[in-house]
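Work through the exercises below with the sequence and the coordinates at hand. Each task is followed by a stepwise solution.

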Amino acid sequence: MSGRVWKRKDLLGLKDLEAEEIELILDTAESFQEIGNRPIKKVPTLQGRTVVNLFFEPSTRTRISFELAEKRLSADTVNFSTDISSTIKGETVKDTAKNLEALQVSLVIMRHPSSGAPHRLARYLKCGVINAGDGINEHPTQALLDMFTVRQKKGKLKGVKVSFIGDILHSRVARSNIWGLTKLGAEVTVCGPRTLIPRDAEQLGVRVTTNLEEAVDGADVINLLRIQLERQKESFFPSIREYAITYQINRDVLKKAKPDVVIMHPGPVNRGIELSSDVVDGPYSIILDQVTNGLAVRMAVLYLLSGVKS
Ligand code: CP
């Protein structure tokens, strides 16, 4: 990418991005991080621009983080969710989008339960679209904030050993992280019950194991994924209790980990299932650093996609 200039209209996933584009976002986020330490956490960068947050699925972290990032950049923000919109009267996403465009919005942030929904929206709209999580496909800003946090804690991404443990099959977070981390030279392992690992996982350039000890041994970073019962149409393992016995990260498991291992989770955490409560709140956990860093990363993404010249 010549001159490190952002050229894309949309951010739909990390699969399509070049390593240099991902690095540009992470480096831009670093410069935005300082704003969070100021007494007045606001800059005029997006003054006069309107950003619409279009959420068709529940969200706590992503939605609040985007809205706060927009406000810190002085954008006008509009929040829109299915329960209060005309989609319940049968309006299509395309018509909703066209109406938003008629209102001259600058950027649309979209979360949707269907994989590919933001990609369809991006084809209809002249303004930029940011994918805030689509079905089981991608969650690019979550992966970017995860990568930013790994780079912050470990000083680099190249050669860092990152293990994802849990429901890999239904995880858009894992998918985006795999694309991003492997492009930047990290060594990725995925671990969980065989039924929750995509059949083509090895072809994505990751190590696959069903053995928790193997995934923990030598890992610099362990990123836990929630069992997504809401996306499972069949039973993928005998019981939650059995899953927790085999795959939970707790104090005993961490005795076999590297002393400087860090524990990550995109949230929401199911305490006592994928992670014991004491590990969530313990010294290895950097889960809340992820949330904090998400703000700078989303400010960087909004800034780059808005095409504003600094
Ligand atoms: N990590 C994440 O996407 O969390 P929310 O569903 O709360 O946005």
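**Exercise 1. The two domains**

Count the residues on each side of the contact between domain 1 and domain 2, and locate the domains in this predicted model.

Solution.
- Step 1. Take the contact first: 29 residues of domain 1 touch 27 residues of domain 2.
- Step 2. Assign the ranges. Domain 1 covers 19-139 + 292-305, and domain 2 covers 140-287.
- Step 3. Compare the C-alpha centres of domain 1 and domain 2. They are 26 Å apart.

**Exercise 2. Helix 1 against helix 5**

Classify the packing of helix 1 and helix 5, then list the residues that make the contact.

Solution.
- Step 1. Get the geometry. The axes of helix 1 (residues 19-33) and helix 5 are 10 Å apart, at an angle of about 70°.
- Step 2. Apply the cut-off. Angles of 65 to 115 degrees count as roughly perpendicular, so helix 1 is roughly perpendicular to helix 5.
- Step 3. List the contact. Helix 1 supplies Ile22, Ile25, Leu26, Asp27, Ala29, Glu30 and Gln33. Helix 5 supplies Leu144, Met147, Phe148, Arg151 and Gln152.
- Step 4. Sort by class. The contact of helix 1 with helix 5 holds 7 nonpolar, 2 polar and 3 charged residues.

**Exercise 3. Helix 5 against helix 6**

Are helix 5 and helix 6 oblique or roughly parallel, and which residues join them?

Solution.
- Step 1. Find the axes. Those of helix 5 (residues 140-154) and helix 6 (residues 172-183) come within 8 Å and cross at roughly 55°.
- Step 2. Classify the angle. Helix 5 is therefore oblique to helix 6.
- Step 3. Add the hand: the crossing of helix 5 and helix 6 is right-handed.
- Step 4. Name the partners. Pro140, Gln142, Ala143, Asp146 and Met147 come from helix 5. Val173, Ser176, Asn177, Gly180 and Leu181 come from helix 6.
- Step 5. Sort by class. For helix 5 with helix 6, there are 5 nonpolar, 4 polar and 1 charged residues.

**Exercise 4. Helix 2 against helix 11**

Describe how helix 2 packs on helix 11.

Solution.
- Step 1. Helix 2 (residues 61-72) and helix 11 (residues 287-306) have axes 8 Å apart, at an angle of about 55°.
- Step 2. That angle makes helix 2 oblique to helix 11.
- Step 3. Helix 2 crosses helix 11 with a right-handed sense.
- Step 4. On the helix 2 side, the contact includes Arg61, Phe66, Leu68 and Arg72. On the helix 11 side, Val291, Leu295, Arg298 and Met299 are among the residues involved.
- Step 5. The classes for helix 2 with helix 11 are 7 nonpolar, 3 polar and 4 charged residues.

**Exercise 5. Two residues in domain 2**

Decide for Asn223 and for Gly166: buried or exposed?

Solution.
- Step 1. Place Asn223. This residue sits in strand 8 (residues 221-224).
- Step 2. Test Asn223. Its relative accessibility is 1%, and buried means under 20%, so Asn223 is buried.
- Step 3. Look around Asn223. Beyond four places in sequence, its contacts include Asp146 and Asn177, along with Phe164 and His265. Asp146 and Asn177 also take part in the contact of helix 5 and helix 6.
- Step 4. Place Gly166. This residue lies in the loop between strand 5 (161-165) and helix 6.
- Step 5. Test Gly166. A relative accessible area of 0% makes Gly166 buried.
- Step 6. Look around Gly166. Beyond four places in sequence, its contacts are Cys191, Gly192, Pro193, Leu196, Leu225 and Tyr243.
- Step 7. Check a distant pair. Gly166 and Ala244 are 78 residues apart along the chain, with 10.0 Å between their C-alpha atoms.

Definitions and conventions. Residues are numbered from 1 along each chain as its sequence is written. This is a predicted model: local features need pLDDT of at least 70, side-chain atom pairs count only at pLDDT 80 or more; totals for chains, interfaces and linings use all residues. Side-chain values use heavy atoms; hydrogens and water are left out. Axes are lines fitted to C-alpha atoms, for helices over the stretch in contact, and angles run from 0 to 180 degrees between N-to-C directions. Helices (H or I, at least four residues) and strands (E, at least two) are DSSP runs, numbered from the N terminus. Angles under 35 degrees count as roughly parallel, over 145 as roughly antiparallel, 65 to 115 as roughly perpendicular and the rest as oblique. A crossing is left-handed if the near helix is turned anticlockwise from the far one by less than a right angle, and right-handed if clockwise. Contact means heavy atoms within 4.5 Å. Ala, Val, Leu, Ile, Met, Phe, Trp, Tyr, Cys and Pro count as nonpolar, Asp, Glu, Lys and Arg as charged, and the others, Gly among them, as polar. Buried means under 20% relative accessible area, exposed over 50%, partly exposed in between (1.4 Å probe, protein chains only). Domain bounds come from an automatic or database domain assignment.
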